[in-house]
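Visitor: I would like to go through this structure step by step, with the reasoning spelled out. Please show it first.

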Amino acid sequence: MRPVIIAANWKMNTTPADAGELAATIAARTEEPGVIRVICPPYVCLAAVRDALAGKNVAVGAQNVHHEQAGAYTGEISASMLAGLATWVIIGHSERRRDEFESDELIGKKLARAIGAGLRPILCVGEVLAEREAGRAVEVVATQLRGALAGKDVEALTAAGFVIAYEPVWAIGTGRTASSADAAAMAEAIRSTLAADLGWGRLAEDVPVLYGGSVTSANIGEFLGEHSIDGGLVGGASLKPDEMAGMVARAAMTAKARAGAEGEPA
Ligand code: PEP
């Protein structure tokens, strides 16, 4: 049974002075069984969020990591620097692909560094609007997956709890979402690519696939109603405790239903 995950991407919001309080409020408002909660604040807020979440069963994630261990990379943060601060990391977010020109190859290197340092990666993939409209969304996402994952140690990735977030770029921060049917079809296409193209076989079925793109408490139920979708990577709404409370409560219903279905005799 795949886990149900709600991951908060705070992007470039909050400061070390206010991040801890927001994280603690969200933790208190989202105490639901069966849902993995992850908060990814800016680097400089990681320590404050870690301290605020101590003993609260909410994981802390970074929003990025460098692909090298150390060296002359001004302003960058390596995976080993995150030790003790974060246990998860977002890799290949579309804002970094767009603004920092991150390639699939570079993203693959980041993934390897992340798992080498014991971090749990969330790999983001997704097409731009023109690609969706041209009917090329699945092809684009499959290319991103092959570019980042070809030749990677499948066992190590799955042991690290590797997660994929399908985030159509045109849905991020726009208030527009993919239809749940399209998102579910993409989640299935992602697992097919892993299983067939990349040779992951059965292990592909165990990889959680999240949907991201203008998710809110009002629409998350549509996505969580799809068997192939295992949660959400949430940007804007994740800064609002009421929204987080609603999304995690809905996710807990899915987690409960899955646990029930698992317990049923065949
Ligand atoms: C994101 O940052 O990954 C995201 C999906 O943002 P938003 O929820 O604001 O669209």
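**The ligand and the fold**

Guide: The model is predicted. In it, 14 residues surround the ligand, and the closest are Lys11, Glu167, Gly173, Ser214 and Gly235.

Visitor: How do the residues of the shell around the ligand divide into nonpolar, polar and charged?

Guide: The shell was introduced above with 14 residues. Gly counts as polar here, and Lys and Glu count as charged. The division is four nonpolar, eight polar and two charged.

Visitor: What is the distance from an oxygen atom of the ligand to a polar backbone atom of glycine 173?

Guide: Gly173 is among the closest residues to the ligand. A polar contact requires N or O atoms within 3.5 Å. For the backbone of glycine 173, the distance to a ligand oxygen is 2.6 Å.

Visitor: How much of the accessible area of the ligand does the protein cover?

Guide: On its own, the ligand has 290 Å² of accessible area. The share of this covered by the protein is 96%.

Visitor: Which side chains have an N or O atom at 3.0 Å and at 2.9 Å from an oxygen atom of the ligand?

Guide: Here the partner atoms on the protein are N or O atoms of side chains. At 3.0 Å the side chain belongs to asparagine 9. At 2.9 Å the side chain belongs to histidine 93.

Visitor: Where is lysine 11 found, and what is its phi?

Guide: Lysine 11 sits in the loop between β1 (4–9) and α1 (19–29). Threonine 14 is found in the loop between β1 and α1, and has a positive phi of about 80° although it is not a glycine. Lysine 11, a residue other than glycine, also has a positive phi, near 50°.

Visitor: How many strands make up the closed barrel?

Guide: The barrel runs β1-β2-β3-β4-β5-β6-β7-β8 with parallel pairing. Neighbouring strands of this sheet are turned by 25° against each other on average, direction ignored. The number of strands in the closed barrel is eight.

Visitor: Which residue in β7 stands opposite isoleucine 164?

Guide: Strand β6 covers residues 163–166 and strand β7 covers residues 209–212. The two strands pair in the parallel sense over three bridges. Opposite isoleucine 164 stands valine 209.

Visitor: At what angle to β4 does helix α4 run?

Guide: Helix α4 spans residues 104–116. This helix lies across β4 (88–91) and β5 (120–125). Its angle to β4 is about 175°.

Note on methods: Residues are numbered from 1 along each chain as its sequence is written. This is a predicted model: local features need pLDDT of at least 70, side-chain atom pairs count only at pLDDT 80 or more; totals for chains, interfaces and linings use all residues. Side-chain values use heavy atoms; hydrogens and water are left out. A residue is near a molecule or strand if one of its heavy atoms lies within 4 Å of it. A polar contact is a pair of N or O atoms within 3.5 Å; within protein, one must be able to donate a hydrogen and the other to accept it, and residues adjacent in sequence count only if both atoms are side-chain atoms. Accessible areas come from the Shrake-Rupley method with a 1.4 Å probe; for residues, only the protein chains shown count as cover. Two strands pair if DSSP finds at least two bridges between them. Helices (H or I, at least four residues) and strands (E, at least two) are DSSP runs, numbered from the N terminus. Axes are lines fitted to C-alpha atoms, for helices over the stretch in contact, and angles run from 0 to 180 degrees between N-to-C directions. Contact means heavy atoms within 4.5 Å.
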